[in-house]
Amino acid sequence: MKTILVTGATDGIGLETVKLLAHEGHNLIIHGRSADKLKHVEQMLGADYPAVQVTGFVADLSDFKAVDNFVNRVVEAFSAIDVIINNAGVFHSPAIVTNAGLDVRFMVNTIAPFIITKRLLPLMPSDGRVVNVSSAAQAPVNFDLLSQGPSMSDGMAYAQSKLAITMWTRFFAEKYEATGPLFVSVNPKSLLGSKMVKEAYGVAGGDLAIGAKIFVEAALSDRFANVKGEYFDNDNNQFAPAHPFGENSSNRKQLVNVIESIVASHTS
């Protein structure tokens, strides 16, 4: 059985994912922003799957100090993690500017998972996997706006943040190809019935289990055993090119340099 970290595990696709993983007997590290929701999920999983170890951590991924504290607590509690599923994401928020002056979409969807993954890599085996949640909504990244704060619509900020995580997924895959772990980005399927989709588009959306199943498959199945940073589009159930901007290696390198600079300036 694996030890699997899932961010954004208290509702939506993340919650359905941890249910499936617990059903298969895997030990779970679950993250949520709300202590009450997190406790509820821990109790629910504990009642339904008493043999599974479930450890919860509360963190606001829009805050650098909270992200750092979250990672520190995980490192203190675990000596090995087999899989990271960076699922937590935001489309719209009442406060779109973080306390560091960044766009909350870039911080939560792109930068926080970057920090979490990079910090936890030493705990991962060579055959471990990092599954990053992408989207069919992708747009070229404005590197200046990535570091300067919000000045675009919810939809555009979300699309840029999702291409950005898809890009650094590929960058890390190439960087760690010789040693592992494996990296893959996944669009779980457009317009599934998550809270985020309902708020953003005003539609009920599709079955969340569709997204959860592909996340579990990406984390564990042989189909994804040899991925090297590819983008998987579950709208078409196949690997596919990301937005052309993200397919450019120079753009990927520049993105990572910008993220590294942002992280260094806010965590030094």
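In the predicted model, asparagine 109 is buried, with a relative accessible area of 1%. This residue belongs to helix 4. Its side chain makes a polar contact with the side chain of serine 161, at 3.0 Å. With neighbours within four places in sequence left aside, the residues in contact with asparagine 109 are Ala88, Gly89, Val90, Val104, Tyr158, Ser161, Lys162 and Ile165.

Helix 4 (104–120) also takes part in the largest nonpolar core, being one of the elements that give two or more residues to it. The others are helix 3 (64–77), helix 5 (143–148), helix 6 and helix 9. Helix 4 provides the largest share of this core, 10 residues. The core has 54 residues, of which Leu61, Phe70, Ile81, Ile111, Leu120 and Leu255 touch the most other members. For leucine 255, the contacts beyond four places in sequence are Val141, Phe143, Leu146, Ala164, Met167 and Trp168. A second core, separate from this one, comprises 31 residues, among them Ile13, Ile30, Ile214 and Phe215.

Isoleucine 259 is located in helix 9, which spans residues 249–267. Its relative accessible area is 0%, and isoleucine 259 is therefore buried, the limit for that class being under 20%. Residues up to four places away in sequence not being counted, isoleucine 259 touches Thr110, Phe114, Leu146 and Trp168. Leu146 and Trp168 are likewise among the contacts of leucine 255. Between isoleucine 259 and aspartate 82, the sequence separation is 177 residues and the C-alpha to C-alpha distance is 25 Å.

Aromatic side chains were examined next. The model contains 13 aromatic pairs. One of them joins tyrosine 176 and phenylalanine 183 in a stacked arrangement, with 6.3 Å from centre to centre and 25 degrees between the planes. Tyrosine 176 and phenylalanine 183 are both buried. These two residues are also part of a cluster in which ring pairs link Phe114, Trp168, Phe171, Phe172, Tyr176 and Phe183. Phe114 and Trp168 of this cluster are touched by isoleucine 259.

Alanine 178 lies in the loop that runs between helix 6 (154–175) and strand 6 (182–187). Its relative accessible area is 79%; alanine 178 is therefore exposed, since that class begins over 50%. Alanine 178 and alanine 100 are separated by 78 residues in sequence and, from C-alpha to C-alpha, by 35 Å in space.

Helix 2 comprises 14 residues (35–48), and the distance from its first C-alpha to its last is 20 Å, close to the 20 Å expected at 1.5 Å a residue. Its buried residues are Leu38, Val41 and Leu45. They lie on the same side of helix 2 because the arc they cover around the axis is only 65 degrees. The elements covering these buried residues include helix 1 (12–23), strand 2 (27–32) and strand 3 (54–58). On the face of helix 2 turned away from the buried side, the exposed residues are Asp36, Lys39, His40, Gln43 and Ala47.

How values were computed. Residues are numbered from 1 along each chain as its sequence is written. This is a predicted model: local features need pLDDT of at least 70, side-chain atom pairs count only at pLDDT 80 or more; totals for chains, interfaces and linings use all residues. Side-chain values use heavy atoms; hydrogens and water are left out. Helices (H or I, at least four residues) and strands (E, at least two) are DSSP runs, numbered from the N terminus. Buried means under 20% relative accessible area, exposed over 50%, partly exposed in between (1.4 Å probe, protein chains only). Contact means heavy atoms within 4.5 Å. Rings of Phe, Tyr and Trp (its six-membered ring) pair if their centres lie within 6.5 Å; planes under 30 degrees apart count as stacked, over 60 as edge-to-face and the rest as tilted. The expected span of a helix is 1.5 Å times one less than its number of residues. The arc is that of the directions from the helix axis to the C-beta atoms. A nonpolar core is a set of buried Ala, Val, Leu, Ile, Met, Phe, Trp, Tyr and Cys residues joined through side-chain atoms within 4.5 Å. A polar contact is a pair of N or O atoms within 3.5 Å; within protein, one must be able to donate a hydrogen and the other to accept it, and residues adjacent in sequence count only if both atoms are side-chain atoms.
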